[in-house]
Amino acid sequence: MSIIQVRNISKIYNKEHIPVRALNGIDLDINKGEFTAIVGPSGSGKTTLLNIIGGLDTPTEGSVNIHGTDMFSLKDRKLIDFRLHHIGFVFQAYNLIPVLTALENVMFILQMQGRPHKECVARGMELLKQVGLEDKVDKRPSELSGGQQQRVAVARALASKPDFVLADEPTANLDSKSTSDLLDMMLQLNELGETTFIFSTHDQRVVDRAKRVLTLVDGEIETDEVR
Amino acid sequence: MLYLKMAWRNIWRNKRRTLITMASIVMAVVLSAVMSSMQEGQYDQMIDNTVGSFTGHIQIQQAEYKDEPNLDHSLRINEVLFRQVEETAGVKAVVPRIDSYALAGGLHKTKAAMIAGIDIEAEKHLSEPDQKVISGRYFNSNSEHAVLISAGLADYLNVQTGDSLVLISSGFHGVSAADLIPIKGVLKFGIPDMNNGMVYMPLQTAQEFFGAYNRVTALAVMAQDAKGIHEVAQRLSSQLPDDYKVYGWQELMPELIQAIEADRGSGQIILMVLYMVVGFGILGTVLMMTAERKFEFGVLLSIGTSRFVIGLTLILEMATITILGTISGIIASLPFIYYFNINPMEFTGQAAAAIEEYGMEPFIRFSTDPSIIINQAMIVLVITLLISIYPLIHTKRINPVEAMRH
Ligand SMILES: Nc1ncnc2c1ncn2[C@@H]1O[C@H](COP(=O)(O)OP(=O)(O)OP(=O)(O)O)[C@@H](O)[C@H]1O
Ligand SMILES: [Mg+2]
């Protein structure tokens, strides 16, 4: 049973002036525990697709169903709340709240969910340990390297035990060592914790580690390869 | 707690801007509080100049005296009536007066002067002539045949203590009044009009001079509490016979009230401009704060932070800046206000002349009424908080995808 069902998604930007067709009739199913890379040339629609799956952007046509919830039938507030409880996000950079420490950043999501403070601290510590940053819990983002910041972002994305984690080019700003460390960690979380990851990338080494690779060209899925 | 912590750390992310914003709030509070204290102090002084040193809080007059103030409309008083007034609740002192005009003459010159027939003890509660003697001595009985003359008048007439003064006037029911009377001393008044034309006479001497035995033109009443004047006036009014009219000082001096109101109004326009300037300064900060954190808000919204929480942290940030600024403003304005309360701001030269022209003493003693500072601080606080509502509107419109595109 798939956890995400993308049906006939199209996205046309700038409809009134010069329309740009970013996505064109995408159908896609994501199963629990997948480790899926979305690749494709620049402008092929990777970010647009991830944004729509994450409920950050609305499609011009089509639907996204997550665990039986039709995401775009949700009102703004419900949608934000849905993201808080069901989806983890990792962005390319500047993911973290600058004024909060690593631990506070991870705890933030849990506090938003109204969990008791003790539980937030315990889970935050546990996650930072999993991403290998137990000695950096009290550091602010500005005191962490790019790779460390991305790990904290992954820890935060996992904090609420989401259905899946979306990551748009999470390694784009990292050197190759940090890239491979981050990937090792994500794979480990995927294998041990059965966390579903969907990420986009331009980096062939990252693609090589993926278990499923979707290639987008001009807003359409050209190949869908499961390894 | 989390939001307060975030707000607190956020405002110190850009220390300089926060301090500049706070400084502008401090300035606004200080300027408006100091300005208002100065104005209100000036009004208190205007009132005090006339009420506290001449009119009294309340006056009891004969019914027609207000429209035609002359000796024919004076009051007949007796011990019983006097006691009755004196024993009314809230009355501090009763000061009888017989006021009229006379032509005062020295050796070579004459001038119209106001004659104030005073009870030599009671008057110490009102115009305090005993404190104003700069040469000679104060009266020692109410029937003493002597006058005290104001310094300006003495200069003009070229007379001094020990000389005699010629006084010519008409008294009660037109009897002629004339006397040659020794000058016992010279009085220095701060109020120019008084300094240039006052002659003080003991009460009985004045009554004899005017042929107005047992009569006064007014009983001035000092209340125990300047704020309770209205109640005291009502109490007196209900006790006294109908032809005794009781006036609060506001009724006796409507022009003064009007002048104060007009001046207060123009002061408020200046304050409004000040509030606007500060308001726009704060709006600038709010706009920058929201604009430069667009990406951050995009991330927050994406990961599931509600718009309300984002708006709340922004409001908490502005509120913290504003409240800190307002409190510092209050603290910073206190020394100014107290300094100028203890050491009234003095004017010299042309400014002094201009103020004296209005019949006022050329200095301003700032008011320390706490409600003035509190009011000004509250206005600034409310304005800044109102402006801080903007983030709430702003956060309603953030679109995460758009916010995170660079
Ligand atoms: N807000 C927008 N308004 C108009 N056109 C847009 C907007 N966002 C994206 N596009 C266009 O939609 C198409 C797909 O963009 P998208 O960002 O999804 O591509 P991408 O695969 O993520 O590219 P990249 O690898 O460079 O990140 C592009 O042609 C882009 O110019
Ligand atoms: Mg992209």
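A salt bridge is a side-chain nitrogen of Lys or Arg within 4 Å of a carboxyl oxygen of Asp or Glu. This is a predicted model, where local features need pLDDT of at least 70 and side-chain atom pairs count only at pLDDT 80 or more, while totals for chains, interfaces and linings use all residues. Residues are numbered from 1 along each chain as its sequence is written, chains are lettered from A in the order in which they are written, and side-chain values use heavy atoms, with hydrogens and water left out.

Q: What makes Asp224(A) and Arg212(A) a salt bridge?
A: Their side chains meet at 2.8 Å, N to O, and the cut-off is 4 Å, so the pair qualifies. Asp224(A) sits in strand β10 (residues 220-226) and Arg212(A) in strand β9 (residues 212-217) of chain A, 12 residues apart. Helices (H or I, at least four residues) and strands (E, at least two) are DSSP runs, numbered from the N terminus.

Q: Why is Arg212(A) called buried?
A: Buried means under 20% relative accessible area, exposed over 50%, and partly exposed in between (1.4 Å probe, protein chains only). Arg212(A) has 8%, so it counts as buried.

Q: And what is its partner, Asp224(A), called, with a relative accessible area of 41%?
A: That value lies between the two limits, so Asp224(A) is partly exposed.

Q: How do you know that Arg83(B) and Glu86(B) form a salt bridge?
A: The N to O distance is 3.6 Å, which is within 4 Å, so the definition is met. Because they are three residues apart in helix α3 (residues 79-86) of chain B, about one helical turn separates them.

Q: Is Asp99(B), at 13% relative accessibility, buried or exposed?
A: Asp99(B) counts as buried, because 13% falls under the limit. Asp99(B) forms a salt bridge with Arg97(B), with the closest N and O atoms 3.7 Å apart. Arg97(B) has 1% relative accessibility, so Arg97(B) counts as buried too.

Q: Why is Tyr94(A) called exposed?
A: Its relative accessible area is 61%, which is over the upper limit, so Tyr94(A) is exposed. Tyr94(A) lies in the loop between β6 (87-90) and α3 (102-112) of chain A. Tyr94(A) also has a positive phi of about 50° although it is not a glycine.

Q: What makes His173(B) exposed?
A: At 60%, the relative accessible area of His173(B) is over the limit, so the word fits. His173(B) is found in the loop between β7 (164-170) and β8 (176-187) of chain B.
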